[in-house]
Amino acid sequence: PGTLTITQKTDKLIVTITGNSDTVGYDGKSHEVTGFTTNAPESVTVALKEGKEAKASGTDAGTYPMGLTDEDFSVTSPNYSNIEVVVNDGSLTISKKPVTFTGESGERTYTGTAQTLTGVTPTGLLKDHTHNVTAKAEGTDVGSYPGTITAAKDVQIMAGKQDVTKNYEITTAPGTLTITQKTDKLIVTIT
């Protein structure tokens, strides 16, 4: 009988390995992304070397790379003798959470004395997170009085004793106090 001998292919085979990536919004919790994909043919074995992992994790806003390189992988095949490994690193991105602090707006009836609104409403702030935002709108006579509020660059947000301001995309908007005319009858006596 005859014999068929199949030799390894010597043309360069480029095996691309891409770490998985994910983007999540900041929520104060730890997140992670694991694993990788590859375009390797079925007869090529791609595996992480012992002690290496394809993993990125984080809690605060930012980008966390896996740090993968071709040195982290074992790529073998009985059918190919010339394998080039190209690695695209994976990453976890945690985006900042939008939060808006809005100063109190309201309508008051003229009383003849100064009236003030000081409330602040946060929208998007995580539960149990605290802030230093103050707002004030003040006026006495009939009219509209734009308020003031802490500037976004001066806002500080805390989770207990930890400063977590960097995890938020902060916007502030002052409120407005509107003082309307008194509608009760005013009797003016001229003698």
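**Close-ups of a predicted chain**

**View 1. Asn 167 is a buried residue in a loop.** With a relative accessibility of 0%, Asn 167 counts as buried, since anything under 20% gets that label. This is a predicted model, so keep that in mind as you look around. You'll find Asn 167 in the loop between β20 (162-163) and β21 (168-173). Which residues does Asn 167 touch, once those up to four places away in sequence are left out? They are Tyr 26, Asp 60, Ala 61, Lys 96 and Lys 97. Hang on to the name Tyr 26, as that residue turns up again in the next view.

**View 2. Tyr 26 and Tyr 168 form an aromatic pair.** Searching the whole structure turns up two aromatic pairs. A pair of rings like this is described by how far apart the centres are and by the angle of the planes. For Tyr 26 and Tyr 168 the centres are 5.7 Å apart and the planes meet at 75 degrees, an edge-to-face arrangement. Where do the two partners sit in the chain? Tyr 26 belongs to the loop between β2 (21-25) and β3, while Tyr 168 is part of strand β21, so to get from one to the other you would count 142 residues along the sequence. Are these two tyrosines buried or exposed? Both Tyr 26 and Tyr 168 are buried.

**View 3. Phe 36 and Phe 73 also pair up.** Here the ring centres lie 5.1 Å apart with the planes at 80 degrees, so this pair is edge-to-face too. Phe 36 is in strand β4 (residues 36-38) and Phe 73 is in strand β8 (residues 73-76), so the pair ties together parts that are 37 residues apart in sequence. The partners don't get equal cover. Phe 73 has a relative accessibility of 5% and counts as buried, whereas Phe 36, at 25%, is partly exposed.

**View 4. Lys 12 and Glu 84 make a salt bridge.** The search of the whole structure finds seven salt bridges, and this is a good one to begin with. The Lys 12 and Glu 84 side chains meet at 3.0 Å, N to O. Why does this pair tie together distant parts of the sequence? Lys 12 comes in the segment before β1 (13-19) and Glu 84 lies in strand β9 (residues 83-88), so the parts being joined are 72 residues apart. Lys 12 is exposed, with 51% relative accessibility, while Glu 84 is partly exposed at 31%.

**View 5. Two further salt bridges, Lys 55 with Glu 32 and Lys 136 with Glu 138.** Lys 55 meets Glu 32 at 3.5 Å, N to O. This bridge links distant parts of the chain, with Lys 55 in strand β6 (residues 55-58), Glu 32 in strand β3 (residues 31-34), and 23 residues of separation. Lys 55 is partly exposed at 33%, and Glu 32 is partly exposed at 47%. In the other bridge, Lys 136 meets Glu 138 at 3.6 Å, N to O. Lys 136 is partly exposed, with 42% relative accessible area, and Glu 138 is partly exposed at 40%.

**View 6. Three nonpolar residues share a surface patch.** Leu 186, Val 188 and Ile 190 form a nonpolar patch with about 400 Å² of accessible area together. Leu 186 is located in the segment after β22 (176-180). It is exposed, with a relative accessible area of 71%.

**View 7. Thr 16 and the spread of the chain.** Thr 16 lies in strand β1 and is partly exposed, at 23%. Leaving out residues up to four places away in sequence, Thr 16 touches Thr 37, Thr 38, Asn 39, Val 86 and Asn 88. How far apart in space are Thr 16 and Thr 148? Their C-alpha atoms are 56 Å apart, with their positions 132 residues apart in sequence. Now zoom out. The chain has 22 strands and zero helices. Its radius of gyration is 32 Å, well over the 16 Å that the globule rule gives for 191 residues, so the chain is more spread out than a compact globule. Along its principal axes, the C-alpha trace spans about 135 × 30 × 20 Å. Of the 191 residues, 27% count as buried. The chain exposes about 12,100 Å², and carbon and sulfur atoms supply 48% of that.

Methods. Residues are numbered from 1 along each chain as its sequence is written. This is a predicted model: local features need pLDDT of at least 70, side-chain atom pairs count only at pLDDT 80 or more; totals for chains, interfaces and linings use all residues. Side-chain values use heavy atoms; hydrogens and water are left out. A salt bridge is a side-chain nitrogen of Lys or Arg within 4 Å of a carboxyl oxygen of Asp or Glu. Helices (H or I, at least four residues) and strands (E, at least two) are DSSP runs, numbered from the N terminus. Buried means under 20% relative accessible area, exposed over 50%, partly exposed in between (1.4 Å probe, protein chains only). Patches are made of residues with over 30% relative accessible area and no salt bridge: like charges are joined within 9 Å, nonpolar side chains (Val, Leu, Ile, Met, Phe, Trp, Tyr) within 5 Å. Accessible areas come from the Shrake-Rupley method with a 1.4 Å probe; for residues, only the protein chains shown count as cover. Contact means heavy atoms within 4.5 Å. The radius of gyration is taken over C-alpha atoms; the globule rule is 2.2 Å times the number of residues to the power 0.38. Rings of Phe, Tyr and Trp (its six-membered ring) pair if their centres lie within 6.5 Å; planes under 30 degrees apart count as stacked, over 60 as edge-to-face and the rest as tilted.
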